[in-house]
Amino acid sequence: MRFPFLFIVGLSLIPYSSSCLAGHPAATTNIVLIFVDDLGYADIGPFGATKVKTPHLDKFAAEGMKFTSFYATPVCSMSRACLMTGCYNARVSMPGVLFPGNNIGLHPDEITLADVVKQKGYSTICIGKWHLGHRQPFLPTKQGFDSYFGIPYSNDMTIDTEHAQFAADCVFREGMTQEKAREKAIRNTVPLMRGEEVVEYPADQATLTQRYTTEAVKFIREHKTEPFFVYLPHTMVHVPLAASERFRGKSGNGLLGDAIEELDWSVGEIMATLTEAGLDEQTLVIFTSDNGAATGSSAPWRGKKGTCFEGGVREPCLMRWPGRIPAGTTCDQIAGNIDLLPTFAKLVGVETDKDRILDGRDITPLMFDPLSGPVRDTHLYFTARQSLAAIRQGDWKLLFEVSANNAPGKKAGKKNNKKEKDASGDKTNSDPTGPLLYNLATDPAESKNVAAEHPELVTQLLEEAVRREIEIRNHRRPVGQLGETE
Ligand SMILES: [Ca+2]
């Protein structure tokens with residue numbers, strides 16, 4: 001469903017005006033960012049799940065703030081690029097999904113979340129799925145993280161037979177050898193890395209959540225007397241789903257339920273570690289997801305992973321910081337993972353580079369007062385092809401392109417897209433002559449296209465979308481290419 005898109009000539013540069021530094025709290029703030037893979041909006045208790053039990057996340061929400069309009073993107077790599085850079089993926093030229101055969105990655109010149117806090121001497125660790133380039137110049141250890149432990153991309157992929165660097169003491173499982181690993185790439189068979197080397201192949205996926213948690217707990221304990229940033233992008237609940245023996249078959253809701261309940265356990269372990277270390281009031285903990293539900297539920301939103309309907313991109317998001325973020329509150333204002341970089345910069349007292357345009361904004365005003373006015377009134381929805389699919393301003397959303405899951409080798413998106421078209425039942429939705437207009441306040445499920453009733457609003461949103469897309473195209477930064485960064 002791609003509509004003709006008329007570009008209007010005329011560029012308006014939107015420079016990032018930093019409001020950093022003012023009002024920085026005296027004590028240093030540790031940051032723990034838990035980033036789940038493919039977790040849908042209604043996959044956890046605080047956002048409506050009833051079948052799985054998530055007591056630790058329920059407590060998290062009761063002690064912190066829920067964000068109900070928190071945006072990511074339709075698929076994996078592009079979402080992580082947004083998170084790491086504070087920019088839309090189109091601005092940093094990141095496609096939807098990177099694969100083991102790719103030789104590109106997040107450009108090492110980008111300033112990441114880890115680079116920001118590093119400027120204030122933070123200890124940093126990335127534990128889990130990186131997915132911003134598995135080749136050496138793009139690994140977390142080259143992007144501001146002191147250390148890395150995890151699988152470099154999605155768990156349904158393979159090893160890079162040619163370029164994987166095995167540690168001298170790499171554990172080969174299931175009859176695998178280094179020679180065999182070089183011979184053939186096998187689906188769902190991925191390397192576990194420490195630093196820049198493979199330490200286990202194939203990774204035992206059933207124990208990843210546990211091992212990531214152990215790693216995070218150990219890191220927090222070892223760094224409790226200094227400022228730290230833990231980035232924990234879980235491998236779950238991307239397929240193939242897995243859970244450790246302790247959780248497998250226990251949720252009564254299939255492997256997805258088991259995996260979610262294990263993630264909830266993991267959150268509980270991390271929270272308990274912070275409490276035990278006396279760090280609750282010095283630590284901001286954030287829990288969110290990289291894209292809409294793949295196998296779970298994105299209710300009440302329409303669509304799932306891979307679409308630019310809300311269900312593909314609107315994520316559950318919790319933030320907790322006792323004494324700073326008011327407990328048991330909900331914020332309905334527009335926010336998203338692009339806002340975390342300017343927010344972290346503000347919190348740690350780092351001024352972001354004025355020459356570098358950011359799309360995100362400092363959302364500390366929302367975190368400290370959920371009823372404060374909007375920080376940004378507009379959100380842009382990009383596709384994996386880095387084209388603009390939709391724009392939201394206030395409650396209005398104009399959608400030009402439904403499917404954004406167009407990375408090579410992706411099948412789910414095509415299926416989702418077809419399902420969306422079939423399920424719409426709305427005659428105007430199949431009209432190829434114009435975009436779809438929804439009011440998300442009165443029609444959160446995006447079921448009624450009201451474009452015909454609001455032609456002036458459609459024109460206004462279209463002009464704004466074109467203006468913004470042109471600005472981004474004219475100020476985009478390159479993706480990292482192997483040859484030029486080595
Ligand atoms: Ca994902």
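# Close-up views of a predicted model

**View 1. His 131, a buried loop residue.** His 131 counts as buried because 27 C-beta neighbours lie inside 10 Å, where 20 or more are enough. We are looking here at a predicted model, and the place of this histidine is in the loop between strand S4 (123-127) and strand S5 (147-150). The backbone is worth a look too: His 131 has a positive phi of about 65 degrees, although it is not a glycine. Most residues other than glycine have a negative phi.

**View 2. Glu 446, another loop residue with a positive phi.** Glu 446 sits in the loop between strand S17 (436-439) and helix H11 (455-474). Its phi is near 50 degrees, a positive value in a residue other than glycine. Is Glu 446 buried or exposed? Glu 446 is buried, because 25 other C-beta atoms lie within 10 Å and the cut-off is 20 or more.

**View 3. The loop between S9 and H6, with its cis peptide bonds.** Follow the chain out of strand S9 (228-233) and you come to Val 237, placed in the loop between this strand and H6. The peptide bond from Met 236 to Val 237 is cis, with omega near 5 degrees. Pro 240 is also found in the loop between S9 and H6, and the bond that leads to Pro 240 from Val 239 is cis as well, with omega near 0 degrees. For context, most peptide bonds are trans.

**View 4. The largest nonpolar core.** This core has 139 residues, and the members that touch the most others are Val 230, Leu 232 and Phe 344. Which helix gives the most to the core? Helix H6 (residues 254-276) does, with 8 residues. Domain 1 (30-376) and domain 2 (382-478) both give residues to this core, so the core lies between them. Zoom in on Val 230 and, leaving aside neighbours within four places in sequence, you will find contacts with Val 32, Ile 125, Ala 216, Phe 219 and Ile 220.

**View 5. Helix H1 against helix H6.** Helix H1 (residues 55-63) packs with H6 at an angle of about 55 degrees, and their axes are 7 Å apart. H1 and H6 are therefore oblique to each other. On the H1 side, Pro 55, His 56, Leu 57 and Phe 60 make the contact. Their partners in H6 are Asp 264, Trp 265, Val 267, Gly 268 and Met 271.

**View 6. Helix H5 beside helix H6.** How do H5 and H6 lie relative to each other? The two axes come within 10 Å and cross at roughly 10 degrees. The cut-off for roughly parallel is under 35 degrees, so H5 and H6 count as roughly parallel to each other. From H5, the residues to look for are Thr 209, Thr 213, Ala 216, Val 217, Ile 220 and Arg 221. They meet Glu 262, Leu 263, Ser 266, Glu 269, Ile 270, Thr 273 and Leu 274 in H6. Two of these H5 residues, Ala 216 and Ile 220, are also in contact with Val 230.

**View 7. Glu 215 on helix H5.** Glu 215 is found in helix H5 (residues 208-222). This glutamate is partly exposed, with 19 other C-beta atoms within 10 Å. Not counting residues up to four places away in sequence, Glu 215 touches Ile 127 and Phe 149. Ile 127 is 88 residues away along the chain, yet the C-alpha atoms of Glu 215 and Ile 127 are separated by 7.5 Å.

**View 8. Ser 372 in the loop after helix H9.** Ser 372 lies in the loop between helix H9 (364-368) and strand S14 (378-382). With 14 other C-beta atoms within 10 Å, Ser 372 is partly exposed. Beyond its neighbours within four places in sequence, this serine is in contact with Pro 365 and Leu 366. The C-alpha atoms of Ser 372 and Gln 333 are separated by 8.8 Å, with their positions 39 residues apart along the chain.

**View 9. The whole chain and its confidence.** Stepping back, the protein chain has 12 helices and 18 strands, and 53% of its 486 residues count as buried. The mean pLDDT is 90, and 87% of the residues reach 70 or more. Over residues 1-26, however, the pLDDT is below 50, and this stretch has 39 contacts in the model beyond near neighbours in sequence. The pLDDT is also below 50 over residues 405-432, a stretch with 49 such contacts.

Note on methods. Residues numbered from 1 in each chain as written. Predicted model: local features only at pLDDT ≥ 70, side-chain atom pairs only at ≥ 80, totals over all residues. Core = buried A, V, L, I, M, F, W, Y, C linked by C-beta atoms within 7 Å. Buried ≥ 20, exposed ≤ 12 C-beta atoms within 10 Å, placed from the backbone. Helix = DSSP H or I, 4+ residues; strand = E, 2+ residues; numbered from the N terminus. Domains from an automatic or database assignment. Contact = placed C-beta atoms within 7 Å. pLDDT = per-residue confidence, 0-100. Axes fitted to C-alpha atoms, helices over the stretch in contact; angles between N-to-C directions. Parallel < 35°, antiparallel > 145°, perpendicular 65-115°, else oblique.
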